[in-house]
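Here are some friendly notes to read beside the model. Keep the structure open and find each residue as you go.

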Amino acid sequence: IGTPNEVFDTPRNTFVAGFIGSPQMNFFDAKLNMEGRPCLTVEGVELPVQESTAKLLKEAGAGSADITLGVRPEHITLNFEPGKNDVCCEFVVKEMMGSEMYIHLKTKDEKPVTVRIQTMMYKPEDLAKLSSGCQVGLSFYQDALHFFDGEGNNLIYK
């Protein structure tokens, strides 16, 4: 229960997170490490946890654990030459939606991932490189990540 913005920005659980928004939120299996400098491991890639988020996680009593990381399609950036800090996925198909494009990908475990981009933010020649089976790197907007525990509850629900 909450305002549309509250429910969208801070969903209480994975059901709400996946139900609100179109396309729906992406979910990744991840490991949260709260020892030392907090970080996440997603698809074998270690990502730092932003300081402000780490503080909220600690205040909520979150410890190191297997979690579900939620990332909305519009909070992902595509990298056409994946780097070591990118989560790599395989391209499946793209849907042109006018000034937006939905990029459908899959992880190495065959889990679907959808990225929503503004086409004007990418070079047309880069978008033209997207073909079946090519590898694309993903980076996430750190301040828009959602952390869900094993039961699907948001670890830092406000």
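1. Among contacts in the protein chain with a separation of 6 or more, 66% are between residues 24 or more positions apart. Please keep in mind that this is a predicted model.

2. Next, the overall dimensions. The C-alpha atoms fill a box of roughly 45 × 35 × 25 Å along the principal axes. A compact globule with 158 residues would have a radius of gyration near 15 Å, so the 16 Å of the protein chain agrees with that. Of its 158 residues, 41% count as buried.

3. Now try tracing the chain by its elements. You should find four helices and ten strands. Along the sequence, they follow the pattern α-α-β-β-β-α-β-β-β-β-β-α-β-β.

4. Which strands make up the open sheet of five? Its order is β3-β2-β1-β4-β10, with antiparallel pairing. At the edges are β3 (45-48) and β10 (146-148), each of which pairs on one side only. From one strand to the next, the twist averages 40°.

5. Inside that sheet, look at β1 (residues 26-33) and β2 (residues 39-42), which run antiparallel and are joined by four bridges. To see the pairing residue by residue, find K31, which stands opposite T41 in β2. As you look along a strand, remember that in a regular strand the side chains alternate between the two faces of the sheet.

6. Strand β6 is a good place to practise, as the model shows pairing with both β7 and β9. Six bridges join β6 to β7, and these two strands run antiparallel. One pair to find is K94, which stands opposite I103 in β7. The two strands form a hairpin with three residues between them, and G98 in the turn has a positive phi of about 90°. With β9 (residues 135-140), strand β6 (residues 87-96) pairs in the antiparallel sense over four bridges. There, E90 has Q135 in β9 as its bridge partner.

7. Is E100 buried or exposed? It lies in strand β7 (residues 100-106). Its relative accessibility is 19%, and because buried means under 20%, E100 counts as buried. The side chain of E100 also makes a polar contact with the side chain of Q118, at 3.0 Å. Beyond its neighbours within four places in sequence, E100 is in contact with E95, R116, I117, Q118 and T119.

8. For a helix residue, compare A54, found in helix α3 (residues 51-59). A54 has a relative accessible area of 5%, so it is buried. Leaving aside neighbours within four places in sequence, its contacts are M34, P38 and V49. A distance to check for yourself is the one from A54 to V136: they are 82 residues apart along the chain, and their C-alpha atoms are separated by 28 Å.

9. Finally, the nonpolar interior. The largest nonpolar core has 36 residues, and those with the most contacts inside it are L40, L69, L78, L105, L138, F140 and F147. What does F147 touch, not counting residues up to four places away in sequence? The list is L32, L40, V49, T53, L57, I67, T68, L69, N153, N154, L155 and I156. Among these, L40 and L69 are also named with F147 as residues with the most contacts inside the core.

Terms used: Residues numbered from 1 in each chain as written. Predicted model: local features only at pLDDT ≥ 70, side-chain atom pairs only at ≥ 80, totals over all residues. Heavy atoms only, no water. Buried < 20%, exposed > 50% of the residue type's maximum accessible area, 1.4 Å probe, protein only. Polar contact = N/O pair within 3.5 Å; in protein donor to acceptor, adjacent residues only side chain to side chain. Contact = heavy atoms within 4.5 Å. Pairing = 2+ DSSP bridges. Axes fitted to C-alpha atoms, helices over the stretch in contact; angles between N-to-C directions. Core = buried A, V, L, I, M, F, W, Y, C linked by side-chain atoms within 4.5 Å. Rg over C-alpha atoms; globule rule 2.2 N^0.38 Å.
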